[in-house]
Amino acid sequence: MKHFTQFEHKSVADKLIELALTYKKSPRVDLSKGLGKRVGCIFLNPSLRTRASTQIAAMNLGMEAIVMNMDKEGWALEMQNGAVMNKGTVEHIKDAAAVLGTYFDVLAVRAFPSLTNKKEDTEDFIFSQFIKYAGIPVVSLESAIRHPLQSLADMITIQEHMIAGKKPKVVLTWAPHIKAIPHAVANSFAEWAIGCGHELTIAHPEGYELDKKFTEGATITPNQKEALENADFVYVKNWSAFDDYGKIHSTDSSWMLTEAHLKNAPNAKVMHCLPVRRNVELSDEILDSERSIVQKQAENRIYAAQAVLSNILGG
Ligand SMILES: NCCC[C@H](NC(=O)CCC(=O)O)C(=O)O
Ligand SMILES: NC(=O)OP(=O)(O)O
């Protein structure tokens, strides 16, 4: 594997899930694999899970991880080719990424969307600049359009909790939020769930259609109640409008998932990537109940990252 940026193929996903579960049983079984290797974790946006789990994953492989919170402690990066840099930006991505490429064996990057420039965001412009100029393998720590390490952890978590021999009904439901939120987690979850062969239903209010390239193969409905019937896994997530790019069309609190929403889904496990706005997206009663597997997802972020780094190291 060169870069890790998106779902490639079910066979690759299956191998990564299997390797992650091996590491979960014996986290340090490959402790010598990454000795002498370094991963640079570049954050252009905040993080709790991705930041810590990627460092732990690297340490479990004997790698050194260096984290740079570029949004707070780095030079302001210029992304536009040919820019006359006489304003706020200090260093061009061409120069910065090339330097990072000489310091590290693997580069891991978080670069959220602007939610104002649809063209640049959908092309994953900023993230692609790192791939273009670093010259080493690049891992996505959430880009403008995808969050593949989250989705891999989600697929591992579903595999661990599904009933053997029963094809689970997986539902991705939109939830309210107070802010305009990226599409990356929802896009990626759809891409991986469909790619891994799960039966996926996506429920959202009118106006919240996701980019079709991620949702082909899913059943899409504005009827949350119907979607939730007999669900086995319910992934709760807010996203802003995609067509009317980055806008908030609804804050309808009836979409917040509560126990009452799940009366026809007695076995449903509830998922969220975290951080979650309690009692806005999801109720306390669900998050604090046996239904919630959000902590399992967060734990699996370590082994997802470890499987990906191990695969990139090769051997
Ligand atoms: N990395 C996981 C989620 C990141 C981002 N959440 C946020 O921006 C939450 C911000 C807030 O709640 O204020 C998202 O949903 O795409
Ligand atoms: N789920 C997730 O990516 O969390 P962080 O934003 O805290 O890294």
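Here is a chat between a visitor and a guide about the predicted model shown above.

Visitor: What makes a feature in this model count?

Guide: The model is predicted, and local features need pLDDT of at least 70, side-chain atom pairs count only at pLDDT 80 or more, while totals for chains, interfaces and linings use all residues. As for names, residues are numbered from 1 along each chain as its sequence is written, with chains lettered from A and ligands numbered from 1 in the order in which they are written.

Visitor: Why is Lys237 called buried or exposed?

Guide: The cut-offs settle that: 20 or more other C-beta atoms within 10 Å of a residue's own make it buried, 12 or fewer make it exposed, and anything in between is partly exposed, with C-beta atoms placed from the backbone. Lys237 has 22 such atoms within 10 Å, so Lys237 is buried. You'll find Lys237 in strand β10 (residues 233–237); strands here are DSSP E runs of at least two residues, helices are H or I runs of at least four, and both are numbered from the N terminus.

Visitor: And what does Lys237 touch?

Guide: Leaving out residues up to four places away in sequence, Lys237 touches Leu172, Trp174, Ala175, Val185, Ala186 and His272. A contact means that the two C-beta atoms, placed from the backbone, lie within 7 Å.

Visitor: What makes Arg277 buried, exposed or partly exposed?

Guide: Arg277 has 16 other C-beta atoms within 10 Å, so Arg277 comes out as partly exposed. Arg277 sits in the loop between β11 (269–271) and α11 (284–287), and beyond its neighbours within four places in sequence it is in contact with His177 and Ile178.

Visitor: Which residues does the UniProt "binding site" annotation cover?

Guide: In UniProt, an unreviewed entry puts that annotation on Glu142, His177, Lys237 and Arg277. UniProt positions follow the numbering used here, feature names are shortened, and annotations may be inferred rather than shown by experiment.

Visitor: How do you know which residues surround ligand 1?

Guide: A residue is near a molecule or strand if its C-beta atom, placed from the backbone, lies within 6 Å of it. For ligand 1 the surrounding residues are Glu142, Lys179, Ile181, Pro182, Ala184, Val185, Cys273, Pro275 and Arg277. By class, that shell has 6 nonpolar, no polar and 3 charged residues. Ala, Val, Leu, Ile, Met, Phe, Trp, Tyr, Cys and Pro count as nonpolar, Asp, Glu, Lys and Arg as charged, and the others, Gly among them, as polar.

Visitor: What surrounds ligand 2?

Guide: The shell around ligand 2 includes Ser47, Arg49, Glu142, Gln150, Cys273 and Pro275. Helix α2 (residues 49–60) gives the most to it, with 3 residues, and the class split is 4 nonpolar, 3 polar and 3 charged. Domain 1 (10–146 + 301–313) and domain 2 (150–298) each supply at least three residues to the shell around ligand 2. Those bounds come from an automatic or database domain assignment.

Visitor: How many residues does each domain give to the contact between them?

Guide: The C-alpha centres of domain 1 and domain 2 lie 25 Å apart, and the contact takes 22 residues from domain 1 and 22 residues from domain 2. On the side of domain 1 that touches domain 2, α1 (10–25), α5 (118–122) and α12 (294–313) give two or more residues, with α1 giving the most, 6 residues.

Visitor: Why does the largest nonpolar core lie where it does?

Guide: A nonpolar core is a set of buried Ala, Val, Leu, Ile, Met, Phe, Trp, Tyr and Cys residues joined through C-beta atoms within 7 Å. The largest one has 97 residues, and those with the most contacts inside it include Leu107, Val171 and Val308. Helix α12 gives the most to this core, with 9 residues. Both domain 1 and domain 2 give residues to the core, so it lies between them.

Visitor: What makes the bond from Leu274 to Pro275 worth a look?

Guide: That peptide bond is cis, with omega near 5°, and Pro275 is in the loop between β11 and α11. Most peptide bonds are trans, and most residues other than glycine have a negative phi. Asp124 has a positive phi of about 55° although it is not a glycine.

Visitor: Why is Asp124 called buried or exposed?

Guide: Asp124 has 20 C-beta neighbours inside 10 Å, so Asp124 counts as buried. Asp124 is in the loop between α5 and α6 (125–134).
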